[in-house]
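Visitor: I would like to learn how to read a protein model feature by feature. Could you take me through one, giving the general idea before each case?

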Amino acid sequence: MNSSSHYFSHGTIALFCGKGMDFRPKVGTLQASFNGKSEFLNLHVFPALTSIDSFRFQHGCNVLKLSLKSRTSQSQALVVRSDHPQNSDFPKYYSKKEKKPFPVPIVDLRRAARERLKSRKGKPKTPVPPPKNGLLVKTLIPVAYDVFNARITLINNLKKLLKVVPVQACRFCNEIHVGPVGHPFKSCKGANANIRKGLHEWITNATVDDVFLPVEAFHLYDRLGRRIPHEERFSIPRIPAIVELCIQAGVDVPEYPTKRRRKPIIRISKSEFVDADESELPDTDTERPKRPVLTEIPDSEIVAPSDEEETTLLAEETLRAWDQMRRGAKKLMKMYLVRVCGYCPEVHVGPSGHKAQNCGAFKHQQRNGQHGWQAAVLNDLIPPRYVWHVPDVNGAPMERELRNFYGQAPAVVEMCIQAGAAVPEEYRPTMRLDVGIPSTIKEAEMVV
């Protein structure tokens with residue numbers, strides 16, 4: 001083995017195929033040669049996955065050179081090309097004992113802060129732009145209304161889809177499965193899981209909150225006001241975090257009033273400011289037409305779709321609402337700060353987190369129950385809730401031995417796909433639609 005190329009033997013191969021690949025050799029010993037500096041082919045990078053999953057295509061079109069040595073013929077060199085990966089890894093599961101990583105490393109944040117100080121040195125101070133000065137970002141007000149209405153549409157449509165798409169929920173843990181029959185994988189960690197050997201006990205009583213996870217946050221009357229102390233944690237209402245983000249971005253909800261400034265604040269120090277005098281400004285026109293806001297439909301008034309065509313249209317509308325809500329929330333999070341605890345799922349919408357000492361995560365005694373606030377990402381605000389993708393709802397049930405060949409998708413997306421909607425391109429890699437599932441366990445063992 002030299003420094004420029006390496007060889008490995010992968011035993012007897014009967015089939016090696018994929019998108020852009022068609023390789024059916026005779027029975028023999030397969031050897032592959034690759035550049036020693038390349039990392040796209042590493043069988044030990046992801047030990048939890050199979051060897052087929054460990055093939056990585058990272059930089060454009062990668063070339064894999066194969067040489068087949070047969071007993072009756074000389075060695076032949078083949079070249080397999082692929083422009084994009086067949087599948088991608090599932091979102092990483094973080095243990096309760098480890099802290100979430102920062103979206104931007106601390107070293108990069110400090111470097112950017114030093115560069116900002118250097119660029120501002122010797123220059124006059126510029127006015128603070130909204131929303132840091134207390135005003136709203138006018139261009140994001142329509143986006144906030146779109147996100148708010150998309151969330152209501154998503155909830156109403158999920159209530160209707162639950163009438164026709166079966167969703168299984170485990171009796172002992174919080175895991176769900178979209179399909180007529182629950183999956184057979186031993187992943188239950190609920191009560192008496194060791195007696196049941198990790199098997200789930202499925203029941204069909206899933207609700208919208210099981211599919212679309214609710215994330216609550218404190219409602220702030222003044223987003224620039226003082227931080228919520230620990231003693232006031234029960235006197236301040238808690239609402240869905242995505243709703244609080246829309247309210248701070250400009251959506252008017254009569255049930256949750258908020259302070260709207262018409263003049264920028266006057267900053268005294270880094271942590272102190274006073275409101276500007278607005279007495280000379282004319283009164284706001286309270287009778288001006290406002291953008292309509294949707295409301296949730298009560299469970300008693302939910303009507304299931306009547307036929308298959310109506311179900312498909314409903315599923316496509318639900319997917320559009322899901323995508324619109326996530327894209328709009330991502331735009332709002334770039335301007336309106338959202339914080340998340342690095343140890344627990346607590347979310348706070350505002351420039352700085354609250355002071356309520358209600359963190360019960362790993363080693364919370366050392367922090368006196370205080371949260372470790374850091375910048376939140378989109379999945380902290382809107383958790384996707386990944387479930388197993390069922391390749392064929394009307395076909396054979398999922399096999400426990402073929403677990404490595406099945407993909408995953410958000411529960412909302414999986415429900416819409418089973419209801420007849422087309423598969424979005426962004427979820428195809430995690431669903432592993434381009435990788436064929438073996439029909440028997442013997443075929444799976446030959447591939448692995």
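**Reading the model, feature by feature**

Guide: Cys173 has a relative accessible area of 18%, and because buried means under 20%, this cysteine counts as buried. Please keep in mind throughout that the model is predicted.

Visitor: How many disulfides does the structure hold?

Guide: The general idea is that a disulfide is a covalent bond between the sulfur atoms of two cysteines. In this structure there are zero disulfides. Cys173 takes part in none, and the nearest cysteine sulfur, which belongs to Cys170, is 3.5 Å away, whereas a disulfide is counted here when the sulfur atoms are within 2.5 Å. Another cysteine, Cys416, is buried with a relative accessible area of 0%.

Visitor: Where does Cys170 sit, and which residue stands opposite Cys170?

Guide: Cys170 stands opposite Trp202 in strand S9. To read a sheet, one can take the order of its strands and then follow the pairings one by one. Here three strands form an open sheet in the order S8-S7-S9, with antiparallel pairing, and the edge strands, S8 (176-178) and S9 (202-203), each pair on one side only. Strand S7 (residues 167-170) pairs with S8 over three bridges in the antiparallel sense, and two bridges join S7 to S9, again antiparallel.

Visitor: Which residues of S8 are the bridge partners of Val167 and Gln168?

Guide: The partner of Val167 is Val178, and that of Gln168 is His177. The connection between S7 and S8 is a hairpin through five residues. As for the side chains of S7, Val167 and Ala169 point one way while Gln168 and Cys170 point the other way, and all of these are buried. Helix H7 (residues 411-418) lies across S7 and S8, running at about 25° to S8.

Visitor: What is the strand order in the open sheet that contains S14?

Guide: That open sheet of three strands has the order S15-S14-S16, and its pairing is antiparallel. Its edge strands are S15 (347-349) and S16 (373-375), each of which pairs on one side only, and the twist averages 35° from one strand to the next. Strand S14 (residues 338-341) is joined to S15 by three bridges in the antiparallel sense, and within this pairing Val340 has Val347 as its bridge partner in S15.

Visitor: Which helix lies across S14 and S15, and is that helix enclosed or open?

Guide: The helix is H4 (residues 241-248), which runs at about 15° to S15. Eight of its eight residues are buried, so H4 is largely enclosed by the rest of the structure. Among the buried residues of H4 are Glu244 and Gln248, alongside others such as Ile242, Val243 and Leu245. H4 is followed by Gly250, whose phi is positive, near 130°.

Visitor: How should I read the surroundings of a single helix residue, such as Trp322?

Guide: The general idea for a helix is that an α-helix has 3.6 residues a turn, so residues three or four places apart point the same way. Trp322 is placed in helix H5 (residues 308-335), and at 2% relative accessibility it counts as buried. Leaving out residues up to four places away in sequence, Trp322 touches several others, including Leu154, Phe212, Pro383, Val413 and Tyr427. Trp322 and Val413 are 91 residues apart in sequence, yet their C-alpha atoms are 8.4 Å apart in space.

Visitor: Which contacts does Thr153 make beyond its neighbours within four places in sequence?

Guide: Thr153, which lies in helix H2 (residues 141-161), is in contact with Leu294, Glu317 and Ala321. With a relative accessible area of 18%, Thr153 is buried.

Visitor: What is the volume of the second largest pocket, and which helix gives the most to its lining?

Guide: The general idea is that rolling a probe the size of a water molecule over the atoms shows where empty space is left. The second largest pocket has a volume of about 1,400 Å³. It is lined by 30 residues, of which the closest to its centre are Arg120, Val128, Lys132, Arg267 and Lys270. Helix H1 (residues 106-120) gives the most to this lining, with five residues.

Visitor: How many helices and strands does the chain have?

Guide: The chain has nine helices and 18 strands, and buried residues make up 40% of its 448 residues. Among contacts between residues at least 6 apart in sequence, 67% join residues at least 24 apart.

Technical notes: Residues numbered from 1 in each chain as written. Predicted model: local features only at pLDDT ≥ 70, side-chain atom pairs only at ≥ 80, totals over all residues. Heavy atoms only, no water. Pairing = 2+ DSSP bridges. Helix = DSSP H or I, 4+ residues; strand = E, 2+ residues; numbered from the N terminus. Axes fitted to C-alpha atoms, helices over the stretch in contact; angles between N-to-C directions. Contact = heavy atoms within 4.5 Å. Buried < 20%, exposed > 50% of the residue type's maximum accessible area, 1.4 Å probe, protein only. 1 Å grid on protein atoms, 1.4 Å probe; cavity = no way out; pocket = protein on both sides within 12 Å on 5 of 7 lines; lining within 4 Å. Points joined across faces, edges and corners; volume = space filled by probe spheres on them.
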